[in-house]
Amino acid sequence: MKDVTATSLEATPALTGRPAFEAVAAEQLDSVYRYLVFLTGDRTVAEDLTAETFEKAFRSWRRYDPRRSAPRTWLCQIGRTVAIDWFRAEARRRKREETYSRDLEQSEDLVDGLPGPLQQALRQLSPAEREVVALRILLELDGPAAARVLGISHTACSTRLSRALKRLEEMIDDVGD
Amino acid sequence: MSATELERMEALLRGDVPRTAAEVRRSALIGELRGGTLRAPDALRARALADRPEPARRPRPSWKLAFVVVPAALAVAVGAALVHGLTRPANNEQSASFGTVAPKTKAAADQQALRSAAAPSVAGTSGRLTHTDASITVAVPDTDDLRDATNEATRIATSLGGFAQSVEYRTPAEGGGASYLELRIPAQNVQRALAQLAGLGTLVSQDVSVKDLQHDLAVQSEQIAQLRRRVAALKEALQSSALPEAQRVLLQIKLAEAKRALAQRLNARKGTLAAGATSRVSLVINTEKAGAVPAQRSRIDRMLHSALEFLAVEGIVALYALIVVSPLLVVGVVVWWLARLRRRRDEHRLLAA
């Protein structure tokens, strides 16, 4: 692991009132990766998208305003944009090839340490449902921050999460039966 | 989905104690999800946190720039108005002082300037056909003098071979009064008429314009000569007995057109000669109470007035620009909103699959 504080983009963070990008990136990397794993349902893809997210974030770090959102929210917003671009590309590719090669890779667990039925149920959720679970439960973003990432209202965000949890419960029951 | 359900779910997310069996189950599910571990692989960590060259700093205009640009634009607008106000009165003063020779008082100087200003424009037109259009405003002390001056003005016009085309005489009950006369004076006597009319009272203003009609007259005379020659030639051609019938009809049509054009040109020349023969003089006689000479405004007053006028023009231009641009802005906003809506739907469809 490299020393992330060795090259600081913000030479005088105390003066500018925000942390150095490297410190934020090191702190938020796992969260963004987890979010993208849930959103895409694919760890390999999530790795690529996470790297791309941090690349983009690095380029636009000067425009980041800490008064408007927490670093985690800001990074998840960028990650979501990157992921949606990937979904679009995938949709075009699927349409072209009419196959979805990723089906083979989906046997891999989304998250380590989860019971099998829960892993299976998570896989059956839509990306939209998985991403709200990731944001609210795994990353523990509050309602307004998650809603900001998703570009929807706070109520819509809570409703989506409630439905996702209900579906998870039903699917776990089905697997148990 | 009821509001209470959502509130309870939010409470469970915050770690609140479950109250029902369903909540116990949901709380357990949340706990299980939070209990899972998912860390970024080391390869990704190295990739995401790798050294990168610092991105080139591109200056981006901030919205805060508006705080500078808008006041600066306003300052420029006001500055331009002030410069306009400072320069314009100076020019006016220069033209107002034309013809004054060592005036003892301002009023006397104005009178002298007004009387002398008309002289060159009329005197310099001898030998050429010109039309003079003059307007004079004089002030008299009271309504008795107003009546006398009006009669005298009519008499002056008649004595010089002209006439009063219209006379309007007003003496309102609240005091003061004015009369408006439209006089026609023979061209050769207009200068004398102006001098005599100016002597009816205190001269308030005098405006004389002379239009040279010599060129118009020459053009019209040349056209008339040409048309006369054409008419004569057509008549001569029509006298030939060997002329085919179709050709004869055609020539007759051309002859009729030439005659009509000739009549028009003759009328026009008659009008030009008539305009040159008589001059039009508009005379306004005011009582001093009603038509007091407006007090000369100070330089600062004139400057401010001029600056305000200029600012008003700037405002009109800005308003016009806003009216032109605003429909485009509205279209732009609608297009942006539709594109956003479409993008949102697209995202929703992608992630709901």
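Before looking for a surface patch, I noted that patches are made of residues with over 30% relative accessible area and no salt bridge, where like charges are joined within 9 Å and nonpolar side chains (Val, Leu, Ile, Met, Phe, Trp, Tyr) within 5 Å. A salt bridge is a side-chain nitrogen of Lys or Arg within 4 Å of a carboxyl oxygen of Asp or Glu, and accessible areas come from the Shrake-Rupley method with a 1.4 Å probe, with only the protein chains shown counting as cover for residues.

I kept in mind that this is a predicted model, in which local features need pLDDT of at least 70, side-chain atom pairs count only at pLDDT 80 or more, and totals for chains, interfaces and linings use all residues. Residues are numbered from 1 along each chain as its sequence is written, chains are lettered from A and ligands numbered from 1 in the order in which they are written, and side-chain values use heavy atoms, leaving out hydrogens and water.

**The patch.** I found that B:Val330, B:Val334, B:Trp336, B:Trp337, B:Leu338 and B:Leu341 make a nonpolar surface patch of about 610 Å². B:Trp336 is in helix α10 (residues 299–352) of chain B, helices (H or I, at least four residues) and strands (E, at least two) being DSSP runs numbered from the N terminus. I looked up B:Trp336 and noted it as exposed (over 50%; buried is under 20%, partly exposed in between), with a relative accessible area of 54%.

**The sheet.** In chain B, I traced an open sheet of five strands in the order β2-β3-β5-β1-β4, with mixed pairing; two strands pair if DSSP finds at least two bridges between them. Its edge strands are β2 (163–170) and β4 (202–212) of chain B, each pairing on one side only.

Key. Buried means under 20% relative accessible area, exposed over 50%, partly exposed in between (1.4 Å probe, protein chains only).
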